[in-house]
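Please open the model in your viewer and keep the sequence panel beside it, since this tour moves from one selection to the next.

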Amino acid sequence: MPGSGPKSHPCVLCNKRTKPHERRSINKSVAKYLKKNFLITHKQEDKICNTCRHKYYVKETRPSPVVQHLLSDDEDYVPPAKRRSTVLSSPPSVSLSIPSTSKSHSYCFICKKPGPKLIVVPSQARFSTFLKKEVIIPAGCRCCPGHLTEDTFTEDAISKINCTNDNVILNRSTIMDLLKKLRYTALQNEQSRIDFDTDKVLSDSDFINLTGINKDNFNDLHSYIKTLVRNTPTRSTRTSLGIFLFKLKSGISNKVLSTIFNISRSSLREAISCVRQALVQNFVPQNLGFKHISHDDVVNQHTRPLAQTLFGDGTNTQAILVLDGTYIYIQKSGNFHFQRRSYSLHKGRPLVKPMVVVTTTGYFVTVLGPYFADCKNNDAAILKHMLNTNVEDIKEWVQDNDVFVVDRGFRDSLELLDDLGIKSQMPSFLTKGQKQMTTDEANASRLVTKVRWVVESANARIKRWKYLSHVLPNKQVPYIGDYVCIVCGISNKYLPPLSPGCDNEEALAAKMLYLSKRVNTLKQRVEEENLERRKTIWKEPDNILDDFPLLDEEDLRNITCGVYQIKLSTSYIQEHLEGNCQILVHKEDDHLIRVKLQSRHVSSKTYILWIEYTSAEITAWYCKCRAGARVVGVCAHIASILWYLGYARHNQDISYGVQNWGAYLEDAASIPQAVDESDSEESVIEE
């Protein structure tokens with residue numbers, strides 16, 4: 001555990017860090033020697049290095065004077081050479097060439113001038129509230145004794161006269177050690193730019209860019225680890241936390257981080273490991289998991305009114321949770337069994353799958369896993385495993401009639417949810433041979449996607465920490481779950497909600513519920529009158545659509561019931577105006593048009609759509625795409641045509657903002673076919 005005990009054992013004499021094979025315990029004779037010569041009183045856990053212990057034996061166990069005298073009478077005896085003094089033989093005190101006064105004089109505390117001693121005690125001074133002890137001030141000082149006020153003794157001045165020890169003994173070794181530390185600190189901070197220890201170096205925006213959270217949040221997060229992570233000579237606990245967050249935020253390798261922070265790679269790895277363990281122990285349990293938040297708090301504080309109106313029963317007591325699995329990519333493993341279990345056929349690459357559970361506002365309730373990625377660990381199998389094993393006491397947390405909003409990958413688990421009394425909401429899917437959803441299916445799917453998009457944004461928020469969006473080495477697999485939980489806990493505590501909701505959400509939800517019960521009358525007309533098979537005369541819209549209604553952005557949002565389809569409109573229209581395809585319109589009658597639009601996925605596929613309108617509004621729509629029959633909102637194809645015909649073509653200042661990066665690439669398909677010389681010669685002869 002971080003902070004459980006000292007990991008370095010400095011020598012009690014030379015203060016150097018000792019390796020295991022060099023450190024020795026202090027016996028009674030060595031302790032007596034240290035007490036006599038260096039005034040050092042050792043503790044039970046103190047150690048002495050082998051070098052200092054050897055010097056003790058050389059000095060204390062040399063022959064006595066009698067033996068020395070007897071040996072000197074021997075003609076063959078050669079006295080040993082005198083050993084040079086070392087840093088360890090310095091006296092306990094050092095004489096410094098500092099000017100001093102006689103015993104009857106002293107330096108003035110305020111002006112630093114010498115003069116006769118004058119003892120000023122707190123009871124005799126007007127500044128007694130500031131003065132905590134007797135102060136020596138020269139009696140003959142002209143500037144200070146006569147003008148002593150409370151303002152004279154500031155907090156900074158008082159701090160200078162506070163004594164921590166009554167007796168201070170310095171030797172040469174101690175002074176040299178202090179100078180080395182000062183030099184090391186000066187060199188370390190000379191070119192320092194990233195410094196998390198002081199608040200003056202990095203601004204609030206710098207903290208956000210480097211760590212993902214602002215300065216105040218960083219200080220609060222530091223309070224969770226400062227008791228578990230220890231300071232070292234090369235890094236403080238704040239620096240360790242900054243390195244950890246910088247690593248997650250940027251995804252930079254340890255080699256580059258070692259250069260940036262001027263720390264060895266081994267110390268860097270130790271800092272990341274210690275901070276990770278401390279956050280998992282102290283921070284994550286308080287900000288993530290079913291046990292950190294109650295059912296009522298989720299209902300009252302983290303549920304959108306739109307979701308309660310669409311899927312609730314009117315009591316506002318149901319917890320609506322959105323579930324989905326996210327992907328963390330890993331390297332291909334040399335362990336063939338693990339390689340098969342971690343390979344995803346869906347993505348075509350090795351990965352692991354954490355299961356994310358969020359509320360309709362984007363608040364992370366819990367993150368489970370990570371799980372394998374093979375066919376036995378699809379979303380439905382993971383949800384079954386969660387419920388059957390009662391992970392984090394999920395069965396006790398979830399109540400009857402709670403709602404799980406899921407995607408089509410959970411379809412095999414719907415029966416289990418129904419048995420447990422949990423309602424499920426899932427988009428409809430096409431059956432075999434079906435090319436288009438019915439109006440009811442398309443409308444129901446739109447209600448689900450209106451709420452479910454938040455889990456996709458939550459997964460994207462996880463991947464904004466670039467370390468989790470990169471391909472991680474396999475040695476990091478044991479810690480992927482910790483990293484994801486830490487990121488989600490930080491998002492819960494310090495980042496704003498993804499979808500806080502708005503004031504008119506209940507009205508929007510009521511409108512969508514009303515529309516979901518209507519039928520698409522234009523679809524019925526197209527099928528009954530067989531409009532798709534009628535002869536068409538395609539023309540450009542500017543020549544025949546002068547009566548098409550003008551639309552603003554609010555009108556478009558009312559029609560689409562959202563903004564996602566409107567965001568796709570610029571890309572659709574840009575391809576038709578600047579690409580190889582055109583927007584062509586055929587008028588079925590005075591108030592009904594047919595439009596042909598290029599698919600964004602398949603170049604050989606186009607979609608046919610119909611729009612019915614009056615001079616003031618859009619009255620109906622229908623598209624041949626998979627979800628084009630819905631009445632709750634429109635598909636992206638209809639939204640693009642409405643955006644262009646009713647809004648964009650009347651505003652010349654609109655910029656599509658879509659850059660064609662293909663202009664900077666070469667196209668091998670554009671190479672002209674080479675002409676065979678033999679064929680050309682034969683053609684000339686025949687002519």
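In which sense do S6 and strand S9 pair, and over how many bridges? Before selecting them, bear in mind that this is a predicted model. Select residues 349-359 for S9 together with S6, and you will find that the two strands pair in the antiparallel sense over five bridges. Within this pairing, Asp 324 stands opposite Val 356 in S9.

Stay with S6, which spans residues 320-325, and add strand S11, residues 403-405, to the selection; three bridges join these two strands, and here they run parallel. Ile 320 is the residue to centre on, as its place is opposite Val 403 in S11. If you now show the side chains of S6, Ile 320, Val 322 and Asp 324 point one way, while Leu 321, Leu 323 and Gly 325 point the other way. In a regular strand the side chains alternate between the two faces of the sheet. Because six of the six residues of S6 are buried, the strand is largely enclosed by the rest of the structure.

From S11, move on to the loop between S11 and helix H16, and select Asp 407 there with Arg 452; their side chains meet in a salt bridge, with 3.1 Å from N to O. This pair links distant parts of the chain, since Arg 452 lies in helix H17 (residues 439-463), 45 residues apart from Asp 407. Both Asp 407 and Arg 452 are buried.

For a second salt bridge, select Arg 230 and Glu 270, whose closest N and O atoms are 3.6 Å apart. This pair too links distant parts of the chain, with Arg 230 in the loop between helix H7 and helix H8 and Glu 270 in helix H10, 40 residues apart. Arg 230 counts as partly exposed at 27% relative accessibility, and Glu 270 likewise counts as partly exposed, at 28%.

Helix H10, residues 265-287, also holds Arg 265. Select this arginine with Lys 255, Arg 269 and Lys 475, and display the surface, where the four gather in a patch of positive charge. Arg 265 is partly exposed, with a relative accessible area of 42%.

A surface patch of another kind appears when you select Met 176, Leu 179 and Leu 182, which form a nonpolar patch with about 310 Å² of accessible area together. Met 176 is placed in helix H5, residues 172-190, and counts as partly exposed at 41% relative accessibility.

The next stops concern the backbone. Most residues other than glycine have a negative phi, and most peptide bonds are trans. Select Gly 369 and Pro 370, which are joined by a cis peptide bond with omega about 5°; Pro 370 is found in strand S10, residues 364-371. Then go to the loop between helix H14 (379-388) and helix H15 (394-397), where Asn 390 is placed. Asn 390 has a positive phi of about 55° although it is not a glycine, and Glu 392, in that loop between H14 and H15, has a positive phi near 55°.

Finish with strands S13 (residues 584-589) and S14 (residues 592-598), which run antiparallel and are joined by five bridges. The two strands form a hairpin with two residues between them, and the bridge partner of Leu 584 in S14 is Lys 596.

Technical notes
Residues numbered from 1 in each chain as written. Predicted model: local features only at pLDDT ≥ 70, side-chain atom pairs only at ≥ 80, totals over all residues. Heavy atoms only, no water. Patch = residues over 30% accessible without salt bridge, like charges linked within 9 Å, V, L, I, M, F, W, Y side chains within 5 Å. Areas by Shrake-Rupley, 256 points an atom, 1.4 Å probe, with all protein chains shown as cover. Lys, Arg positive; Asp, Glu negative; His and termini not counted. Charge placed at Lys NZ, Arg CZ, Asp CG, Glu CD. Helix = DSSP H or I, 4+ residues; strand = E, 2+ residues; numbered from the N terminus. Buried < 20%, exposed > 50% of the residue type's maximum accessible area, 1.4 Å probe, protein only. Pairing = 2+ DSSP bridges.
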